[in-house]
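Biologist: Got a minute to go through this one with me? I'd like to start with the nucleic acid side and then look at how the helices pack.

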There are 2 protein chains.
Amino acid sequence: MSTKSSPRAPGRPRSPSPIRRERIPDHRAAGTPAAPKFRPIHTRRAFEEICERIREQLALGVLKPGDKLPPERDLAQQLGVSRNVLREALRSLEMAGVLRLQKGVKGGAFIQEGDTSRMNGVMRDMLSLGTISVRELSEARVHVLDLVVRLACANARRADLDALEANIERTEDATREGRLLDRVECSREFYKLLAAATGNKVIAMIMDSVTEIHMRFVYAKVSSSGVAMARLAEKRRQFLAALGERNVTSATRLMRTHLESVQRMLEQDPGAMSLHVALAEVQPGLRR
Amino acid sequence: MSTKSSPRAPGRPRSPSPIRRERIPDHRAAGTPAAPKFRPIHTRRAFEEICERIREQLALGVLKPGDKLPPERDLAQQLGVSRNVLREALRSLEMAGVLRLQKGVKGGAFIQEGDTSRMNGVMRDMLSLGTISVRELSEARVHVLDLVVRLACANARRADLDALEANIERTEDATREGRLLDRVECSREFYKLLAAATGNKVIAMIMDSVTEIHMRFVYAKVSSSGVAMARLAEKRRQFLAALGERNVTSATRLMRTHLESVQRMLEQDPGAMSLHVALAEVQPGLRR
DNA sequence: TCCATTGAATGGGTGATCCATTTAACAATC
DNA sequence: GATTGTTAAATGGATCACCCATTCAATGGA
């Protein structure tokens with residue numbers, strides 16, 4: 001589409017065929033001769049159909065980030081559904097990070113740039129629902145981080161190393177001034193930068209998703225007990241040096257021992273390590 | 001909650017405080033003395049608030065899988081919003097895999113068991129939106145698979161190995177009878193079983209999410225060109241043997257060389273490897 | 001005992017209507 | 001002429017009042 005301008009009726013590119021609330025087929029009268037598999041009836045609801053069609057246009061490349069969908073009233077009419085139903089679909093797509101809805105004239109539903117942090121929410125829901133455990137998440141994090149360190153060793157560029165260097169300096173400032181919670185923020189950012197240094201956004205996404213929850217635990221721990229990792233910035237410098245020298249063995253070893261000491265710190269007071277504490281309300285700086 | 005029964009007014013456990021469309025605070029009259037940062041106004045919309053509250057109850061453990069929310073009409077009234085708005089929120093949560101909405105008397109909104117395949121959709125959206133590339137995804141898959149093989153070597157149980165064995169037998173059947181597309185389905189399942197053999201659902205989730213798209217490419221390739229991996233079942237048997245012997249070196253090497261040959265097959269005809277082909281309509285057996 | 005009927009509960013969907021925000025165009029003022 | 005209000009239209013946000021389709025327990029007749 002890419003109808004960045006033209007306020008009204010942007011070309012009406014291809015009037016979407018109206019959603020038909022397809023009645024469930026009656027299995028062609030009573031006499032079904034060869035009915036091998038009765039797949040569960042998937043009662044198609046209007047909003048599902050709408051979501052699917054928009055995603056289809058996306059996959060086909062007809063819609064691209066920055067494009068604008070027609071106004072709700074128009075699109076609803078084109079699809080032959082009520083505005084309310086259309087909005088349910090748009091809402092879902094907005095929550096999925098595909099759309100951004102903007103009010104006012106010149107507003108509308110815009111296709112978003114993909115938001116790599118969407119995976120975090122999935123992970124959080126899985127944890128809330130008890131589908132995955134904190135133990136599994138921690139273990140996964142250790143392994144993913146090992147992979148990330150190896151890839152970062154291989155692929156980190158000058159700019160990545162500089163960003164990590166700057167992050168360590170901020171960590172030192174925060175340490176010197178006793179701003180413990182800011183230091184946790186620095187840690188969060190450190191792992192994000194490290195993930196980015198792999199040069200692979202998929203890996204980075206995975207890494208971020210397993211790190212986000214972990215950092216919540218650290219935040220909760222630090223903010224409740226006031227304890228803090230000893231010699232953090234120093235260890236970070238050692239690690240960064242190994243990374244700069246592309247010394248995989250050293251870098252992975254440093255990271256592993258650091259993770260272990262963090263884990264020990266977290267497990268000092270297992271009672272406070274409630275899942276609910278970490279998942280509950282969003283801390284400042286954490287809302288993205 | 002856990003009000004599995006009691007059709008009407010299930011205890012009315014704790015009437016949620018009504019959603020107040022909090023007007024943006026006027027920064028306490030005009031005179032803001034020390035206004036350091038003007039974070040962008042995040043116009044809270046009713047449905048966001050609702051989603052957050054339900055997720056909060058989930059994180060707090062007040063709501064658990066199997067629980068039922070009050071009927072839409074009741075809940076809307078309790079929250080002080082219209083039914084339409086409430087439905088937007090419920091729709092979003094349903095798409096996120098948190099809820100299942102069921103019609104009819106005794107129907108309602110039920111908290112679901114977590115659906116580990118939710119990450120696949122995120123990955124698909126990221127690809128559709130061009131945020132990640134097929135190259136990044138393939139590369140990530142290679143690395144994740146390497147990790148999975150190592151973990152499976154360490155943790156696979158008898159049942160896991162048996163399931164893989166059974167899968168290989170189905171692969172042999174399909175090969176013998178020339179059912180190429182079924183064989184692709186077997187491959188999809190093989191990787192799922194392998195992921196499960198790690199004993200870590202987080203790792204398995206990650207593995208599945210990077211594998212799903214890949215298998216679409218394979219499916220598209222096989223179904224269009226009719227070519228098929230040579231000696232697939234044989235290679236699978238070799239690999240399974242290594243896995244059974246906990247021979248990490250051998251298992252990872254076998255997997256790596258196999259991946260390389262698959263990659264060569266896929267890249268034979270790069271023109272056909274369109275992203276859109278793979279992302280477009282859902283193939284039978286792939287819809288979950 | 002079994003099966004058909006019925007009716008209430010519940011999600012699915014519609015249409016009309018209003019509000020709030022945003023922006024461009026325009027007018028008024030300095 | 002530049003700045004500053006004013007206005008009006010477009011658009012998403014939200015409400016209300018309905019109606020339909022599905023499901024299932026209760027009812028009642030064969």
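**DNA contacts and helix packing**

Modeller: Start with R83(A): one of its polar side-chain atoms is 3.0 Å from a base nitrogen of DNA strand D. Keep in mind that this is a predicted model.

Biologist: Which backbone atoms make polar contacts with DNA strand D?

Modeller: G104(A) has a backbone N or O atom 3.3 Å from a sugar or linking oxygen of the strand. On chain B, a polar backbone atom of V105(B) sits 3.3 Å from a base oxygen.

Biologist: How many residues surround DNA strand D, and which are the closest?

Modeller: There are 30 around the strand. The closest are R87(A), R91(A), R45(B), S82(B) and N84(B).

Biologist: What is the make-up of that surface by class?

Modeller: It has 13 charged, nine nonpolar and eight polar residues.

Biologist: And what part of the DNA do they touch, backbone or bases?

Modeller: Take the atoms of DNA strand D within 4 Å of the protein: 63% are sugar or phosphate, and the rest are base atoms.

Biologist: Which element gives the most residues to the surface near DNA strand D?

Modeller: That is α3(A), with four residues. Elements supplying at least two each are α2 (72-79), α3 (83-95), β1 (99-102) and β2 (108-111) of chain A, plus α3 (83-95) of chain B.

Biologist: Switching topic. Where are the domain bounds in chain A?

Modeller: The domain assignment puts domain 1 at 44-111 and domain 2 at 117-281. Their centres, taken over C-alpha atoms, are 37 Å apart.

Biologist: Now helices. How do α8(A) and α5(B) cross?

Modeller: α8 (201-225) of chain A and α5 (134-155) of chain B have axes that come within 7 Å and cross at roughly 55°. The two helices are therefore oblique to each other.

Biologist: Which residues make that contact?

Modeller: From α8(A), K201(A), V202(A), I203(A) and I206(A). From α5(B), E136(B), L137(B), A140(B), H143(B) and V144(B). By class, that is six nonpolar, one polar and two charged.

Biologist: What about α6(A) and α9(A), at what angle do they cross?

Modeller: Roughly 170°, with the axes of α6 (158-176) and α9 (232-244) coming within 9 Å. That angle makes α6(A) roughly antiparallel to α9(A).

Biologist: Which residues of α6(A) and α9(A) meet?

Modeller: On α6(A), they include L161(A), L164(A), E165(A) and I168(A). Among their partners on α9(A) are L232(A), R236(A), R237(A) and L240(A). The contact has seven nonpolar, five charged and two polar residues.

Key:
Residues are numbered from 1 along each chain as its sequence is written. Chains are lettered from A and ligands numbered from 1 in the order in which they are written. This is a predicted model: local features need pLDDT of at least 70, side-chain atom pairs count only at pLDDT 80 or more; totals for chains, interfaces and linings use all residues. Side-chain values use heavy atoms; hydrogens and water are left out. A residue is near a molecule or strand if one of its heavy atoms lies within 4 Å of it. A polar contact is a pair of N or O atoms within 3.5 Å; within protein, one must be able to donate a hydrogen and the other to accept it, and residues adjacent in sequence count only if both atoms are side-chain atoms. Ala, Val, Leu, Ile, Met, Phe, Trp, Tyr, Cys and Pro count as nonpolar, Asp, Glu, Lys and Arg as charged, and the others, Gly among them, as polar. Domain bounds come from an automatic or database domain assignment. Axes are lines fitted to C-alpha atoms, for helices over the stretch in contact, and angles run from 0 to 180 degrees between N-to-C directions. Angles under 35 degrees count as roughly parallel, over 145 as roughly antiparallel, 65 to 115 as roughly perpendicular and the rest as oblique. Contact means heavy atoms within 4.5 Å.
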